[in-house]
Amino acid sequence: MATFFGTPNLVSAKVRACRTNGNGHVLEIESAHGRAACRAGEAFQPGETVFVVARPEDIVLAASDDGVRDGWLRWRGKVVDTSFRGPKRVVTVDSAGVSV
């Protein structure tokens with residue numbers, strides 16, 4: 001796994017289904033955090049374990065599910081740490097026993 005993404009969050013998930021979409025594949029996945037869909041560059045079989053990259057700029061923290069779009073992976077968790085890094089803040093959330 002290349003680590004040129006900056007600080008990605010890798011989430012282990014099982015593939016429930018895979019379909020082509022003309023630009024690659026869409027996986028229906030399930031993890032300890034819930035079910036969602038994500039893009040993939042190649043096909044995977046149902047039951048395979050994959051690592052999903054949750055890029056920090058694509059993560060939204062919210063007090064409830066209000067405003068969360070269908071298909072987004074929803075994680076319930078608790079903020080356990082925050083720190084400033086220049087113009088940004090790093091937030092660590094404990095979700096399903098995993099810190100992300």
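These are my notebook entries on one protein chain, looked up feature by feature in a predicted model.

**Entry 1: the overall picture**

I started with the secondary structure. I found zero helices and seven strands in the protein chain. Reading along the sequence, I wrote the pattern down as β-β-β-β-β-β-β.

Next I looked at burial. The protein chain has 100 residues, and buried ones make up 20% of them. The accessible surface comes to about 7400 Å². Carbon and sulfur atoms account for 50% of that surface.

I also checked how far along the sequence the contacts reach. Taking contacts between residues at least 6 apart in sequence, I noted that 41% join residues at least 24 apart.

**Entry 2: the four-stranded sheet**

Which order do the strands of the open sheet take? I read it as S3-S2-S1-S4, four strands with antiparallel pairing. The edges are strand S3 (34-40) and strand S4 (49-54), and each of these pairs on one side only. From one strand to the next, the twist averages 50°. A reminder to myself: strands of a sheet pair through backbone hydrogen bonds, and they can do this parallel or antiparallel.

Then I went through the pairs. Strand S1 (residues 9-20) pairs with strand S2 (residues 25-31) over six bridges, in the antiparallel sense. Two of the partners I jotted down: Ala 17 has Glu 28 in S2 as its bridge partner, and Lys 14 has Glu 30 in S2. S1 and S4 are joined by six bridges and run antiparallel. There, Val 11 has Val 52 in S4 as its bridge partner.

The turn between S1 and S2 was worth a stop. This hairpin has four residues between the strands, and Gly 22 takes a positive phi near 90°.

**Entry 3: the other hairpin**

Further along the chain I looked at S5 and S6. Strand S5 (residues 78-85) and strand S6 (residues 88-95) run antiparallel and are joined by seven bridges. Phe 84 stands opposite Arg 89 in S6. Two residues sit between the strands of this hairpin, and Gly 86 has a positive phi near 65°.

**Entry 4: a closer look at Glu 28**

I picked Glu 28, which is found in strand S2. Is Glu 28 buried or partly exposed? Its relative accessibility is 30%, so I put it down as partly exposed.

Glu 28 and Ala 17 are eleven residues apart in sequence, yet their C-alpha atoms are 5.0 Å apart in space. That goes with the bridge I noted earlier, where Glu 28 is the partner of Ala 17.

What does Glu 28 touch, leaving out residues up to four places away in sequence? My list reads Lys 14, Val 15, Arg 16, Ala 17, Arg 19, Ala 36 and Ala 37.

**Entry 5: the cysteines**

How many disulfides does the structure hold? I counted zero. Why is Cys 18 not in a disulfide? The closest cysteine sulfur belongs to Cys 38 and is 9.3 Å from the sulfur of Cys 18, which is too far for a bond. The cut-off for a disulfide is sulfur atoms within 2.5 Å. I checked from the other side too: Cys 38 is in no disulfide, and its nearest cysteine sulfur is that of Cys 18.

Last, I looked up how covered these two residues are. Cys 18 counts as partly exposed because its relative accessibility is 29%. Cys 38 has a relative accessible area of 17%, so I noted it as buried. The limit I needed for this step is that buried means under 20%.

Methods:
Residues are numbered from 1 along each chain as its sequence is written. This is a predicted model: local features need pLDDT of at least 70, side-chain atom pairs count only at pLDDT 80 or more; totals for chains, interfaces and linings use all residues. Side-chain values use heavy atoms; hydrogens and water are left out. Buried means under 20% relative accessible area, exposed over 50%, partly exposed in between (1.4 Å probe, protein chains only). Contact means heavy atoms within 4.5 Å. Accessible areas come from the Shrake-Rupley method with a 1.4 Å probe; for residues, only the protein chains shown count as cover. Two strands pair if DSSP finds at least two bridges between them. Axes are lines fitted to C-alpha atoms, for helices over the stretch in contact, and angles run from 0 to 180 degrees between N-to-C directions.
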